[in-house]
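Got your viewer open? Grab the mouse and let's take a walk through this one, stop by stop.

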Amino acid sequence: MTMESDPRWSPEVRADIKMAMNSVIREAADIVQRRSHAGQWLPPGETDELGTNSALCTAARIWVLDKLEAQIQEARRVLDRVEAECREQTGVTSRPRQDSD
């Protein structure tokens, strides 16, 4: 097996990982550029000034959280796939347990 066909070393798999992570970073940068000012979230004006707190929550979900979450979920799918392929290559059958801090 060559390095190119081994998921642990494949340049194509590495590119998949980088592409997934770049998508997360680009989405975050877009949100910062479009939806913030001076490091603070900038909700739509009518919602910020005249809307209810419920409307403010909805705006937060639509304009920030949902967009980031979609990209993060896609990146996790790529990482999970790559890790599974690497485990399969080495004969490890289960994902190592990760203790939370």
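Here comes a short tour of a predicted model, with something to select at each stop.

**Stop 1: two helices.** Select helix 1 (11–35) and helix 3 (53–90). Which way do they run relative to each other, parallel or antiparallel? Their axes sit 9 Å apart, at an angle of about 170°. That makes helix 1 roughly antiparallel to helix 3. Where they touch, the contact has 15 nonpolar, two polar and six charged residues.

**Stop 2: the core.** Now pick V13, A20, V24, A75, V78, V82 and C86, which make up the largest nonpolar core. Helix 3 gives the most to this core, with four residues. In soluble globular proteins, nonpolar side chains tend to be buried together. Zoom in on V78: leaving out residues up to four places away in sequence, V78 touches D16, I17 and A20.

**Stop 3: a link between the helices.** Keep D16 and add R81: their side chains form a salt bridge, 3.2 Å from N to O. D16 belongs to helix 1 and R81 to helix 3, so this pair ties together parts 65 residues apart in sequence. R81 is partly exposed at 33% relative accessible area, and D16 is partly exposed at 28%.

**Stop 4: more salt bridges.** How many salt bridges does the structure hold? There are five. One of them joins R77 and E74, at 2.9 Å from N to O. Both lie in helix 3, three residues apart, or about one turn of the helix. Add E85 to your selection too: salt bridges with shared partners join D16, R81 and E85 into one network.

Conventions
Residues are numbered from 1 along each chain as its sequence is written. This is a predicted model: local features need pLDDT of at least 70, side-chain atom pairs count only at pLDDT 80 or more; totals for chains, interfaces and linings use all residues. Side-chain values use heavy atoms; hydrogens and water are left out. A nonpolar core is a set of buried Ala, Val, Leu, Ile, Met, Phe, Trp, Tyr and Cys residues joined through side-chain atoms within 4.5 Å. Buried means under 20% relative accessible area, exposed over 50%, partly exposed in between (1.4 Å probe, protein chains only). Contact means heavy atoms within 4.5 Å. Axes are lines fitted to C-alpha atoms, for helices over the stretch in contact, and angles run from 0 to 180 degrees between N-to-C directions. Angles under 35 degrees count as roughly parallel, over 145 as roughly antiparallel, 65 to 115 as roughly perpendicular and the rest as oblique. Ala, Val, Leu, Ile, Met, Phe, Trp, Tyr, Cys and Pro count as nonpolar, Asp, Glu, Lys and Arg as charged, and the others, Gly among them, as polar. A salt bridge is a side-chain nitrogen of Lys or Arg within 4 Å of a carboxyl oxygen of Asp or Glu.
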